[in-house]
Amino acid sequence: MLRTGLGMALAAVLMVLPAGAADKLAEYTYQDTKDLVSLVEDAAQRIETVGDAAFAEFGKPGSRWLNNETYLFAYAPDGTAAFHPVSPELVGKNVIDLKDLNGKLLVQEIVDVAKLDAPDANRWVFYLWQDQRELSPIWKASYIRKAITPEGKVYLIGSGLYDVKVEKAFVTRRVNRAVELLQSAGKEEAFRQFRDSASPFVFLGTYVFVLSETGETLVDPAFPNLSGRNMLGFRDAVGFEPIRQLVDKLKTADEAWVQFLWPEPGAVVPSRKLVYARKVTDDGEAVIVGSGFYIATPIWMKVEEVSPWRQNQPG
């Protein structure tokens with residue numbers, strides 16, 4: 001687990017990352033995220049080089065791998081814990097049925113990375129968990145990497161982060177995964193999973209939604225009993241119509257970003273929110289699959305990656 005940035009100890013490491021690992025960091029904005037990915041990628045490379053002997057290194061207190069800030073964990077593809085320095089009693093036990101507080105099968109999510117084709121496949125797993133420093137459970141994000149030893153054994157190595165800042169990459173990856181499910185399993189099964197709080201599609205306080213190409217809600221986990229609402233007329237805190245712009249953009253593109261102003265749950269002052277969506281054709285019918293998140297930077301700070309919301313306003 002990584003609770004905060006690893007600081008200067010990792011800064012030097014990031015400067016000498018192999019090209020492939022550096023490419024994996026390029027899609028992220030925040031240093032805490034990059035530090036976590038760097039840690040797990042380096043750990044995976046140790047497993048690929050020395051095999052099971054890497055676990056002895058990962059278990060040394062005060063090391064880069066195990067300290068007050070971080071630890072690693074590893075599972076075999078069947079869900080057996082192979083390494084866990086914080087809960088060593090789990091090692092050797094099959095914990096495939098372990099669930100988070102929403103009922104999500106989190107170890108199953110972790111070991112599913114072994115099914116991905118690439119030998120260095122990776123995935124983020126998001127789950128609601130009890131941080132011992134907090135009274136209430138909070139979201140945790142773990143970066144998982146497949147690693148294959150010289151003897152051909154497969155491990156899923158990972159580390160996690162509480163209080164994670166939501167990255168654009170988290171949202172695009174989750175929407176892309178939702179689109180893959182929709183195309184492979186069909187609407188009925190995909191929509192069922194999108195609505196299920198124990199599925200991978202409810203994460204970090206947000207969710208995957210589905211709209212018709214004319215703006216009606218088909219899947220809206222935030223308002224499950226209000227399916228079919230037309231959202232084209234929805235206005236944000238300054239009168240901007242983000243759903244209308246999203247639908248308009250997707251008339252000529254397969255994917256789009258829209259930014260608008262809206263208060264976070266429990267807040268009064270609006271924050272910037274980004275929505276990413278893709279247009280997908282299923283059985284000849286086009287639908288819009290998307291997800292949104294609140295930007296961690298203050299409302300007054302310019303965000304370079306996406307045009308400021310003012311550029312989307314009339315006048």
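Counting only enclosed spaces of 30 Å³ or more, this structure has 1 cavity. Keep in mind that this is a predicted model. Apart from that cavity, the thing to look at is an open sheet of 5 strands with antiparallel pairing, and helix α3 packs on that sheet.

**The cavity**

- The largest cavity holds about 30 Å³ of space.
- Its lining is made up of Tyr30, Asp32, Thr33, Leu161, Asp163, Val164 and Lys165.
- Sorted by type, the residues lining the largest cavity come out as 3 nonpolar, 1 polar and 3 charged.

**The sheet**

- Reading across the open sheet, the strand order is β2-β1-β5-β4-β3.
- The edges belong to β2 (81-83) and β3 (122-129), each of which pairs on one side only.
- From one strand to the next, the twist averages 35°.

**The β3/β4 pairing**

- Strand β4 covers residues 138-148 and runs antiparallel to β3, with 8 bridges joining the two.
- If you want a spot to check by eye, go to Arg123, whose bridge partner in β4 is Ile144.

**The helix on the sheet**

- Helix α3 spans residues 31-50 and touches β3, β4 and β5 (154-162) as it packs on the sheet.
- The direction of α3 makes about 30° with that of β4.
- Some of the cavity lining falls inside these two elements: Asp32 and Thr33 are among the lining residues and sit within the 31-50 stretch of α3, while Leu161, also in the lining, belongs to the 154-162 stretch of β5.

Definitions and conventions:
Residues numbered from 1 in each chain as written. Predicted model: local features only at pLDDT ≥ 70, side-chain atom pairs only at ≥ 80, totals over all residues. Heavy atoms only, no water. Pairing = 2+ DSSP bridges. Helix = DSSP H or I, 4+ residues; strand = E, 2+ residues; numbered from the N terminus. Axes fitted to C-alpha atoms, helices over the stretch in contact; angles between N-to-C directions. Contact = heavy atoms within 4.5 Å. 1 Å grid on protein atoms, 1.4 Å probe; cavity = no way out; pocket = protein on both sides within 12 Å on 5 of 7 lines; lining within 4 Å. Points joined across faces, edges and corners; volume = space filled by probe spheres on them. Nonpolar A, V, L, I, M, F, W, Y, C, P; charged D, E, K, R; others polar.
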